[in-house]
Structures are given as structure tokens and as C-alpha cells.
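Hello,

Here is the structure I promised to pass on to you. Have a look at it first, and then read on for my notes.

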Amino acid sequence: MAGPVRRLRMLIGTRHGITLLGRNCAVQFGLLAGAAQLVFTLWPDADLPRWSTLLGIAGLAVLIATLISLPRNRISRDFTHPQVTVTVEVGDLFDYECHLVIGFSDTFDTDTADESLVSRRSVQGQFLHRVYDGDVAGLDARLDEALADVAPVQTDTRAAKRLGKLARYPLGTVAVVKDSGRNFFCTAYARMNNDLIVSSGTEQLWESLARLWETIRRHAHRDEVAMPITGSDLARINNMDHSSLLKMILLSFVAHARARGACGSLTVVVHPRDYYRIDMLELGVFLKSL
């Protein structure tokens with residue numbers, strides 16, 4: 001979680017933060033000044049130094065306003081049309097016991113042996129090691145079962161792709177892996193290039209999200225779903241930062257939920273190391289505007 005110092009820097013380092021802090025300072029100063037005025041009215045002979053009291057009120061107002069205004073580690077909104085809760089929260093995706101969204105490439109590679117294909121620190125790599133205890137064959141069998149009815153669009157040769165799987169599935173394909181009473185929505189939103197570099201773009205991500213929500217609508221049964229900020233870091237969507245990607249996810253989800261429905265609750269989990277990349281105050285304003 002972000003420490004108080006970092007949260008304070010985020011507060012005073014953004015336009016929304018400064019505006020919010022100023023407004024809360026004014027409100028708190030007014031409340032405290034009113035209380036002081038009431039004291040002087042009831043006890044006109046009270047021996048309180050005027051200037052010291054004024055400075056004390058001002059300092060206390062700033063302190064209270066700062067504490068109230070500090071960015072939170074969690075923001076949430078309940079929508080009525082449709083009835084769905086959207087939450088953005090700092091945490092560990094795999095601490096959530098609900099249905100999870102896991103990002104994959106179009107080849108659904110899983111091996112993290114030398115990290116040439118999949119990084120162990122990625123969500124996909126953590127999925128292998130924290131849910132399947134590093135059992136590559138076991139996870140591949142579950143993925144093959146989930147993809148049994150999906151035809152690959154291309155099969156590379158070993159000469160073209162030196163490592164990993166050769167079958168390529170359409171971008172946006174969602175393999176629903178069922179395990180331990182919950183679903184893992186494995187969404188292929190990026191392409192594994194033959195140089196083993198994963199890449200994607202805004203258009204591909206937007207289309208993949210639409211297919212993801214539709215699959216969730218059919219399989220989640222209005223239950224809670226948690227997901228990371230798909231498209232960040234390892235997918236090489238370089239023209240969008242974490243905040244922009246997060247806003248795209250929220251906008252896409254709310255639009256699809258209103259049109260066709262999705263799940264009862266969506267939580268987008270921000271990794272603690274990425275918290276500083278997200279302006280939670282601005283994001284709160286954005287979520288309220290949807």
C-alpha cells in the first residue's frame with residue numbers, strides 16, 4: 001500500500017488534489033471558526049488570545065482537510081442502471097477468491113522456465129505458479145480443454161517461432177478455465193510475435209474487452225469478477241499509461257453492462273508498485289462521471 005508521504009505528494013501534485021484540498025480547507029476553517037465564535041458568544045470573558053486562536057484554527061483546518069483529502073487505496077461506485085458495483089482497489093489480484101481475469105497472448109503460452117516466453121512476475125506467470133503450483137502441463141491441459149471449440153487462425157512453424165506453442169487464436173479469444181469452483185477468464189488481448197515479444201494496441205484491447213465482458217456475462221452468473229489493468233507493461237501498449245488503460249477498462253465495462261449486462265461486481269486491482277502511476281482522485285471523478 002502507498003505510504004502517507006507518497007499519498008501526500010499525490011494530493012498536492014495534481015490539479016484535482018489541490019482543488020479538493022482547498023475546498024476542504026475552506027469548509028473545515030468555516031466549521032472551526034463557527035465553533036470558536038460560539039465559544040466567544042457564550043463565554044465573552046473567556047481569556048483566549050485572538051491571534052493564537054486564529055492560527056490554531058487555521059492549522060487544525062489544514063490538518064483535518066489534508067487527512068480527509070488524501071487519495072484512498074480504494075474507490076467504488078454502485079450503479080443503478082445497470083445494478084452493478086465497480087471498484088478500483090490497490091492489492092494483490094490472487095488474494096481475491098472470486099472469478100479472475102488473466103491476460104494471455106494469442107498463442108496462450110504458459111512456460112516461465114527461462115522467462116523467454118512468460119515472465120514470472122507477470123499476472124500470467126503468477127497464475128501458473130500461485131494457482132497451478134508451476135504445473136505447466138496441467139495448466140496447458142486446462143487451456144486446451146477450454147479452447148477445444150475454437151479454431152486457430154494460424155499455425156506457425158518451429159523455424160518461425162523457436163519456443164512455445166505454435167497455434168495462434170483470434171485476438172479477443174477467451175478461454176474459460178474452471179477450477180476450484182470459480183472461473184479464470186484467460187483473455188488473449190495481445191500477440192506473441194515470433195521474436196517472443198508480446199505486443200498489442202488500443203483497438204485490439206478495446207475489441208478484446210468487449211469479447212471478455214460478453215464471455216463474463218455468459219459464465220459469471222452475476223458473481224464478482226476481479227481483474228488487473230490489462231494492457232500495462234508487458235503488452236507494450238506504449239501510447240497509453242496506466243491511468244488511460246484503467247479508464248478504458250472502466251468505460252468499456254460500464255458501456256457493455258448497460259447494453260447487455262455483465263457481472264454483478266467488477267474490481268480492477270492495482271498492484272501496489274503501480275499505485276503511484278494512478279491519480280486516484282482524478283479516477284474517482286472519472287468514475288462518478290460514467
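Before the details, one cut-off: a residue is called buried under 20% relative accessible area and exposed over 50%, with partly exposed in between. Please also keep in mind that this is a predicted model.

**Salt bridges**

By that cut-off Arg 74 is partly exposed, because its relative accessible area is 46%. Arg 74 forms a salt bridge with Glu 89, and the closest N and O atoms of the two are 3.6 Å apart. This pair links distant parts of the chain: Arg 74 belongs to strand 1 (residues 74–80) and Glu 89 to strand 2 (residues 83–90), 15 residues apart. How many salt bridges does a search of the whole structure find? The search gives twelve.

Another of them joins Asp 92 and Arg 130, with 2.9 Å between the closest N and O atoms. Here too the pair links distant parts of the chain, since Asp 92 is in the loop between strand 2 and strand 3 (99–105), Arg 130 is in helix 4 (residues 123–131), and they are 38 residues apart. Both partners are partly exposed: Asp 92 has 25% relative accessibility, and Arg 130 has a relative accessible area of 40%.

You may also like to look at Asp 140 and Lys 165, whose side chains meet in a salt bridge at 2.8 Å, N to O. Asp 140 is in helix 5 (residues 136–146) and Lys 165 is in the loop between strand 4 (154–155) and strand 5 (167–168), so the salt bridge ties together parts that are 25 residues apart in sequence. Asp 140 is buried, with a relative accessible area of 16%, whereas Lys 165 is partly exposed, with 22%. Asp 106, Asp 156, Arg 168 and Arg 191 are joined into one network by salt bridges that share partners.

**Around Tyr 96**

Tyr 96 sits in the loop between strand 2 and strand 3. Is Tyr 96 buried or exposed? At 15% relative accessibility, Tyr 96 counts as buried, because the cut-off for buried is under 20%. Leaving aside residues up to four places away in sequence, Tyr 96 touches Glu 89, Arg 182, Glu 224, Ala 226, Thr 267 and Val 269. With Glu 89 there is a polar contact, side chain to side chain, at 2.8 Å. That is the Glu 89 that also forms the salt bridge with Arg 74. As for Phe 108, this residue is twelve residues from Tyr 96 in sequence, and the two are 23 Å apart in space, C-alpha to C-alpha.

**Cysteines**

How many disulfides does a search of the whole structure find? The search finds zero. Cys 263 is in no disulfide, and the nearest cysteine sulfur, that of Cys 98, is 9.0 Å away. Cys 263 is buried, with a relative accessible area of 1%. Cys 25 counts as buried as well, at 18% relative accessibility.

**Two loop residues with positive phi**

Ser 180 has a phi near 55°, which is a positive value in a residue other than glycine. Ser 180 is in the loop between strand 6 (174–179) and strand 7 (182–192), and at 69% relative accessibility Ser 180 counts as exposed. His 221 also has a positive phi, near 55°, and is likewise a residue other than glycine. Its loop runs between helix 6 (202–219) and strand 9 (224–227). His 221 is exposed, with a relative accessible area of 60%.

**Ser 200 and a surface patch**

Ser 200 has its place in the loop between strand 8 (198–199) and helix 6. At 17% relative accessibility, Ser 200 counts as buried. What does the side chain of Ser 200 reach? It reaches the backbone oxygen of Tyr 189, at 2.7 Å.

On the surface, Leu 38, Val 39, Leu 42 and Trp 43 make a nonpolar patch of about 410 Å². One of these residues, Leu 38, is found in helix 2 (residues 15–42).

Happy browsing, and best wishes!

Conventions
Residues are numbered from 1 along each chain as its sequence is written. This is a predicted model: local features need pLDDT of at least 70, side-chain atom pairs count only at pLDDT 80 or more; totals for chains, interfaces and linings use all residues. Side-chain values use heavy atoms; hydrogens and water are left out. A salt bridge is a side-chain nitrogen of Lys or Arg within 4 Å of a carboxyl oxygen of Asp or Glu. Helices (H or I, at least four residues) and strands (E, at least two) are DSSP runs, numbered from the N terminus. Buried means under 20% relative accessible area, exposed over 50%, partly exposed in between (1.4 Å probe, protein chains only). Contact means heavy atoms within 4.5 Å. A polar contact is a pair of N or O atoms within 3.5 Å; within protein, one must be able to donate a hydrogen and the other to accept it, and residues adjacent in sequence count only if both atoms are side-chain atoms. Patches are made of residues with over 30% relative accessible area and no salt bridge: like charges are joined within 9 Å, nonpolar side chains (Val, Leu, Ile, Met, Phe, Trp, Tyr) within 5 Å. Accessible areas come from the Shrake-Rupley method with a 1.4 Å probe; for residues, only the protein chains shown count as cover. A disulfide is a pair of cysteine sulfur atoms within 2.5 Å.
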